[in-house]
Amino acid sequence: MRDVPARADLLVRDALLVATVDAAGRELPGGWVAVTDGLVSGVGASTDPMPAAATVLDARGCLVTPGLVNTHHHIYQNLTRSYRPAVNGTLFQWLTTLYPRWALLDEEAAYVSAWVGLAELALGGCTTSTDHLYVHPRGAGDLITAEIRAARELGMRFHPTRGSMSLSEKDGGLPPDSVVQDDDEILADSERLVRQHHDPAWGAMVRVALAPCSPFSVTPALMRATAELAERLDVRLHTHLAEDPDEDRYAADTFGKRTIEHFEDVGWGSDRAWVAHCIYPNDDEIARMGRWGTGVAHCPSSNMLIGGGGIAPVAEFRAAGVPVGLGCDGSASTDSASLWMEARNALLLGRLRRGPASTTARDALTIATRGSAGCLGRAGELGELTVGAAGDLVCWPLEGIAFAGALSDPVEAWLRCGPVVARHTVVHGRAVVQDGRVTAPGEESMLRRHAEISARIQDV
Ligand SMILES: [Zn+2]
C-alpha cells in the first residue's frame, strides 16, 4: 500500500522491517514511516516512494513498531524500589509495609518520580503511559498536576488516573488514616482534574481517568459514585481487580460475594472500564467481561513477583473478546519498568500456561499496542502505524551479539533475543529518545533529586 504525503515533519526510513500492527498485520521490509502534525501521514515499503521531511531518523538494522502503551503503573513507587522490609511479603503485607513510606509523598516527589519513571518507560519503547496514583496524603498538594508537568517536559503521551482510597485501618482497610480521603473530597478533586487537564481530542497528549485503588480500599458508595461521575464527564474508569486470592476472601467476608460480582453490582461492568491484573476470574466472569467490553491490563512480571501464585488467563480473555493490554505495574512490585520486558514475559507466561502454539511474539506485540489502545478507549488512534493514527513509534536495534544469527523473523527475534532498548522512541512525531538517550535536558540532576527524595521517604 502506498500512502505518500508531499512533505512530512518526520521520516523514519530504511528499517529492517516495519511491523505496522494494523488490522491486517502488514509488515514492510525496508520500510518507512512519515509523521506530519503529530499523526502518521504515510507508511511504505522500500519500493514505495518516500516523502521529503524536515527531520529524518535512520532505522537501519531496526525493527520499527508502534509505540508500546502502558496500561497500568504506579510511577511514584520508583521511590521505594526493591525496598528491603517489603520485598518478600504477600500483596497485603507489602502494602501495609509501604503505605507509611508513601504517606511522605509530596508534589516534588511526584514530579521527580514521574520524570524518571516516564524516561525509563521511553527507553523501554513506551510512548503512552497511564499512571494510577492513589496515595494522596493530607497536605501533599496537587500530585497529578505535578506528574503531568513531567510528562509534558519529556514529551510523553500520558493518561494519569485519579486514584483514591477511602477506607483506612480504622474502617477495616489497609492504609493509615493520613493517606485516605472522604468521598466528597475525592469526587470533587477528580472532577477538577478532568476539567483542568483532560483532552478528548484525537491525538490528545493528556487524558485523565478515575481510579479507586481497588474494591477493597473504597466503599461501594464511592465505587458507584465514581462510575456515575465518569459517565457524566465521559472519561474512563480504572481499578485493580482480582489481583490476589486475599481479595476474594475479603469480598466474601465483607460483601458476601465474589470480587468481580461486586465490581458488576457497583456499576463498573462496562467498556468504559479497564482493570489491572484480573488473575482470578472464573469462566463465567471471563465471558461476562467480554460482553461488557471491560479491558484488562496484563502485568506479567507483577503476576510472577507478587500476584499470589496465579497467572492472568490472557488467551481466554482474548478469545472472549476482552481487550487485553500490557502493564508494567508499580516500580515497587515489578521494580523495572520496561515494556519490552513485559512483552517478553507475556510471551513466556502465555506459553507456560497454554503451550508453545498458544502465544507468539506477534501476539505479545499486539497486546502491547492495539490491545492496550483498546483498554484506553483509543483503538485506531494509538498502537498501530496507519495513516491518521498518532505518530508514536519505536526503532528497536536488532544488532550486535545478542541478535547474531537471528535472520529469518525480526518480530520473533525482537522478544526471543535481547534484552533490547529503544534506539529511537518517537511520540507525536518528536523523538523522546534518540540514539538511546533521553532528549529532554536534566537527566543527571533529576537522578540526584530522585536519590535525595528516595532516601527521605525510605528513611535510610
Ligand atoms: Zn497496580
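# A tour from aspartate 329 to aspartate 435

Select aspartate 329 to begin: with a relative accessible area of 3%, this residue is buried, the cut-off for that word being under 20%. Keep in mind while looking that the model is predicted. Aspartate 329 sits in the loop that runs between strand E15 (324-326) and helix H11 (339-354). Its backbone has a positive phi of about 65°, although the residue is not a glycine.

Now show the surroundings of aspartate 329. Leaving aside residues up to four places away in sequence, aspartate 329 touches His72, His73, His74, Glu243, His277, Cys299, Ser302 and Thr334. With one of these, histidine 74, there is a polar contact from side chain to side chain, at 3.2 Å. Which side chain of opposite charge is nearest to aspartate 329? Select arginine 81: this is the one, and it is 12 Å away. Aspartate 329 is buried but has no salt bridge.

Next, move to the sheet. Select strands E5, E4, E1 and E6, which in that order form an open sheet of 4 strands with mixed pairing. At its edges are strand E5 (39-44) and strand E6 (52-58), each of which pairs on one side only. From one strand to the next, the twist averages 25°.

Look at one pair within this sheet. Strand E4 (residues 32-36) is antiparallel to E5, and 5 bridges join the two. To see one bridge, select valine 35 and its partner in E5, valine 40.

From E5, follow the chain into the loop that leads to E6, where proline 51 is found. Is proline 51 buried or exposed? Its relative accessibility is 5%, so it counts as buried. Draw a distance from the C-alpha atom of proline 51 to that of glycine 436: the two are 385 residues apart along the chain and 25 Å apart in space.

Another proline comes next. Select proline 419, in the loop between helix H13 (410-416) and strand E17 (424-427). The peptide bond that leads into proline 419 from glycine 418 is cis, with omega near 10°.

The last stop is aspartate 435, in the loop between strand E18 (430-434) and strand E19 (437-438). Aspartate 435 has a positive phi of about 50° and is not a glycine. Where aspartate 329 is buried, aspartate 435 is exposed, because its relative accessible area is 55% and the cut-off for exposed is over 50%.

Key. Residues are numbered from 1 along each chain as its sequence is written. This is a predicted model: local features need pLDDT of at least 70, side-chain atom pairs count only at pLDDT 80 or more; totals for chains, interfaces and linings use all residues. Side-chain values use heavy atoms; hydrogens and water are left out. Buried means under 20% relative accessible area, exposed over 50%, partly exposed in between (1.4 Å probe, protein chains only). Lys and Arg count as positive and Asp and Glu as negative; His and the chain ends are not counted. A salt bridge is a side-chain nitrogen of Lys or Arg within 4 Å of a carboxyl oxygen of Asp or Glu. A polar contact is a pair of N or O atoms within 3.5 Å; within protein, one must be able to donate a hydrogen and the other to accept it, and residues adjacent in sequence count only if both atoms are side-chain atoms. Contact means heavy atoms within 4.5 Å. Two strands pair if DSSP finds at least two bridges between them. Axes are lines fitted to C-alpha atoms, for helices over the stretch in contact, and angles run from 0 to 180 degrees between N-to-C directions.
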